[in-house]
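This report walks through one protein chain for a reader who has not seen it before. It starts with the sheet, then turns to the helices and the packing between them.

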Amino acid sequence: MSSLKNFKTMKMTSFAIYKHDELQDIVAVRQGVSFAAAIFGFLWALYKKIWWLAALTILIHYLISIYLGASQELIITMALAIFYGLFAQDMWELDLQRKDYKCKDIVLAYSLEEAELKYYANAQK
């Protein structure tokens, strides 16, 4: 009975599958809001190797700390966190496209691993 309960609480989400033709590398990007990106900000960008976004975020924080007061800095930092949460996955996809990855498929799955397995299963057909 507990497995049925877990099944009901799981949500399917969509994943964009990106593939680099020369490297034969695939990357599955979950669509939607990224809470990890909202919480960790530029560290999330460093982890995903989106160097330009991490550098831009550090520059924005540096300029804010120099020119604005503490209350304004807090408001802008919160706005950046919301921006990261809402648009981080889109920025990751943009970065992948700049690195010559092509969107090959959109897959509905419960997890990243399942999305990759579904992509490979569809590619074999």
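Strands S1 and S3 pair in the antiparallel sense, over 8 bridges. In this pairing His20 stands opposite Tyr101 of S3. The model described here is a predicted one.

S1 is also joined to S2, by 6 bridges, and these two strands run antiparallel as well. Together the strands form an open sheet of 3, in the order S2-S1-S3 with antiparallel pairing. S2 and S3 are the edge strands, each pairing on one side only. From one strand to the next, the twist averages 25 degrees. Strands of a sheet pair through backbone hydrogen bonds, in either a parallel or an antiparallel manner.

The table lists residue pairs that stand across from each other in the sheet.

| Residue | Residue opposite | Strand of the residue opposite |
|---|---|---|
| Ala16 | Val29 | S2 |
| Tyr18 | Val27 | S2 |
| His20 | Tyr101 | S3 |

S1 and S2 form a hairpin with 4 residues between the strands, and in this hairpin Gln24 takes a positive phi near 55 degrees.

Two helices lie across the sheet. Helix H5 crosses S1, S2 and S3 and runs at about 160 degrees to S2. Helix H6, residues 112-124, also lies across S1, S2 and S3, running at about 110 degrees to S3.

How far apart are the end C-alpha atoms of H5? This helix covers residues 70-98, 29 residues in number, and its end C-alpha atoms are only 36 Å apart, whereas a straight helix at 1.5 Å a residue would reach 42 Å. H5 has a kink of about 60 degrees, centred on Phe87. Just after the helix, Asp100 takes a positive phi of about 70 degrees.

The buried residues of H5 are Leu80, Tyr84, Gly85, Ala88, Gln89, Met91, Trp92, Glu93, Asp95 and Leu96. Several of these positions are three or four places apart, and the general geometry of a helix is relevant here. An α-helix has 3.6 residues a turn, so residues three or four places apart point the same way. The buried residues of H5 pack against strands S1 (13-20), S2 (25-30) and S3 (101-109), and against helices H2 (35-40), H3 (42-47) and H4 (51-67).

Next comes the nonpolar packing. The largest nonpolar core has 16 residues, of which Trp44, Ala45, Tyr84, Trp92 and Leu96 touch the most other members. S1, S2, H3, H4 and H5 each supply at least two residues of this core. H5 gives the largest share, 5 residues. Apart from this core lies another, of 8 residues, including Ile17, Ala28, Val107 and Ala115.

Leu96 touches Tyr18, Val27, Val29 and Tyr101, leaving aside residues up to four places away in sequence. Of these contacts, Tyr18 and Val27 are bridge partners in the pairing with S2, and Val29 is the bridge partner of Ala16.

Is Thr57 buried or exposed? Thr57 is found in helix H4. Thr57 counts as buried because its relative accessible area is 5%, under the 20% limit for a buried residue. Leaving aside residues up to four places away in sequence, Thr57 touches Phe42 and Tyr84. Tyr84 is itself one of the buried residues of H5 and belongs to the largest nonpolar core.

Terms used
Residues are numbered from 1 along each chain as its sequence is written. This is a predicted model: local features need pLDDT of at least 70, side-chain atom pairs count only at pLDDT 80 or more; totals for chains, interfaces and linings use all residues. Side-chain values use heavy atoms; hydrogens and water are left out. The expected span of a helix is 1.5 Å times one less than its number of residues. The bend at a residue is the angle between axes fitted to the seven residues ending there and the seven starting there. Buried means under 20% relative accessible area, exposed over 50%, partly exposed in between (1.4 Å probe, protein chains only). Contact means heavy atoms within 4.5 Å. Two strands pair if DSSP finds at least two bridges between them. Axes are lines fitted to C-alpha atoms, for helices over the stretch in contact, and angles run from 0 to 180 degrees between N-to-C directions. A nonpolar core is a set of buried Ala, Val, Leu, Ile, Met, Phe, Trp, Tyr and Cys residues joined through side-chain atoms within 4.5 Å.
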